[in-house]
Amino acid sequence: MSVTAAEDVDDGLWSAIGDPTRRRMLDLLLIEGDGTATSLAQRLPVTRQAVAKHLGVLDRAGLVRGTPAGREKRYRVDDAQLARAVAQLSSVGAAWDARLRRIKRIAEAIQRTQQD
Amino acid sequence: MEFGTIEREIYIEASPEIVFEVVSSPGHLKEWWPDDARYEPAPGAAGDIVFGDPDAGGAVVSFTVVDVRPPRTFSFRWTHPAGEVAAEGNSLLVTFDLTPSGAGTLLKMTESGFREMGWEAAVLEQQYREHATGWDFYLPRLAPYVATLRVRP
């Protein structure tokens, strides 16, 4: 039996949320409802350009969604995708339990074959 | 340095030699984990593991062998960005330690690197935040996972 990609760790999602500045940005967006690169940069010790780059990473991971607002984009957290990231995190331990049970089954089957 | 680690142990009624083969060879790996595994089981060898069909939304994940000492230890790093050298901070480290026990083998698995990758820090940090935020909605779901993490001095 194999594990599908959906059950396993989504690399893009992990690295997107793995950065402290991006987590702080998600936090601000959750508190304030929405924000732009400019509004977020006013709350963070990084430049607007850096914030825009981080928003791009979060956007590609599906964690935020942007809608045009004048010269900028206004971003909101995608609740479903954030919930999915959290669910993946909590499933890591359970996933290893399942893998180890499969390892046990395979190794014991080989052992029995060799004894026969 | 602190880091979060997942630890699991399982007793297997098979010799350490057999268990080592099952946890380390690409052919066996894909029987218990990915759909495909492409690497040489040699220290430092870089490859990847594949989930699903890469041409249809599947995932190709970097996989680098760290240590190969049959029949006692096999370790690898995974999830580092493609093209990057696997190292602390950009990947998760999985170590299998095998100990003979009776007629079988005690297999211990540890997976570490969560703190370096920011995940556990994120969880701990958010738990202690005083103000109510959207995280409160998600945190209860994290508790079962946090309980499996051991923080070491």
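# Exercises on a predicted complex

In chain A, 32% of the 116 residues are buried. The model is predicted.

**Exercise 1.** State how many helices and strands chain A has, and give their order.

*Solution.*
- Step 1: count the elements. Chain A holds five helices and two strands.
- Step 2: read along the sequence. The pattern of chain A is α-α-α-α-β-β-α.
- Step 3: turn to contacts. Of the contacts in chain A with a separation of 6 or more, 52% join residues 24 or more positions apart.

**Exercise 2.** Decide whether helix 1 of chain B is mostly covered or mostly uncovered.

*Solution.*
- Step 1: locate the helix. Helix 1 of chain B spans residues 16–24.
- Step 2: apply the cut-off. A residue is buried if 20 or more other C-beta atoms lie within 10 Å of its own.
- Step 3: list the residues that pass. They are P16(B), I18(B), V19(B), F20(B), E21(B), V22(B), V23(B) and S24(B).
- Step 4: conclude. Eight of the nine residues are buried, so helix 1 of chain B is mostly covered.

**Exercise 3.** Find where chain B should not be read in detail.

*Solution.*
- Step 1: start with the whole chain. Chain B has a mean pLDDT of 76, and 71% of its residues reach 70 or more.
- Step 2: compare its elements. Strand 5 (residues 73–78) of chain B has the highest mean pLDDT, 96. Helix 4 (residues 135–146) of chain B has the lowest, 38.
- Step 3: find the weak stretch. Over residues 120–153 of chain B, pLDDT stays under 50. The model has 46 contacts beyond four places in sequence for these residues.
- Step 4: draw the lesson. Low pLDDT means that predicted coordinates should not be read in detail.

**Exercise 4.** Give the predictor's ipTM and pTM for the complex.

*Solution.* The ipTM is 0.73 and the pTM is 0.58.

Conventions:
Residues are numbered from 1 along each chain as its sequence is written. Chains are lettered from A and ligands numbered from 1 in the order in which they are written. This is a predicted model: local features need pLDDT of at least 70, side-chain atom pairs count only at pLDDT 80 or more; totals for chains, interfaces and linings use all residues. pLDDT is the predictor's confidence in each residue, from 0 to 100. Helices (H or I, at least four residues) and strands (E, at least two) are DSSP runs, numbered from the N terminus. Two residues are in contact if their C-beta atoms, placed from the backbone, lie within 7 Å. A residue is buried if 20 or more other C-beta atoms lie within 10 Å of its own, exposed if 12 or fewer, and partly exposed in between; C-beta atoms are placed from the backbone.
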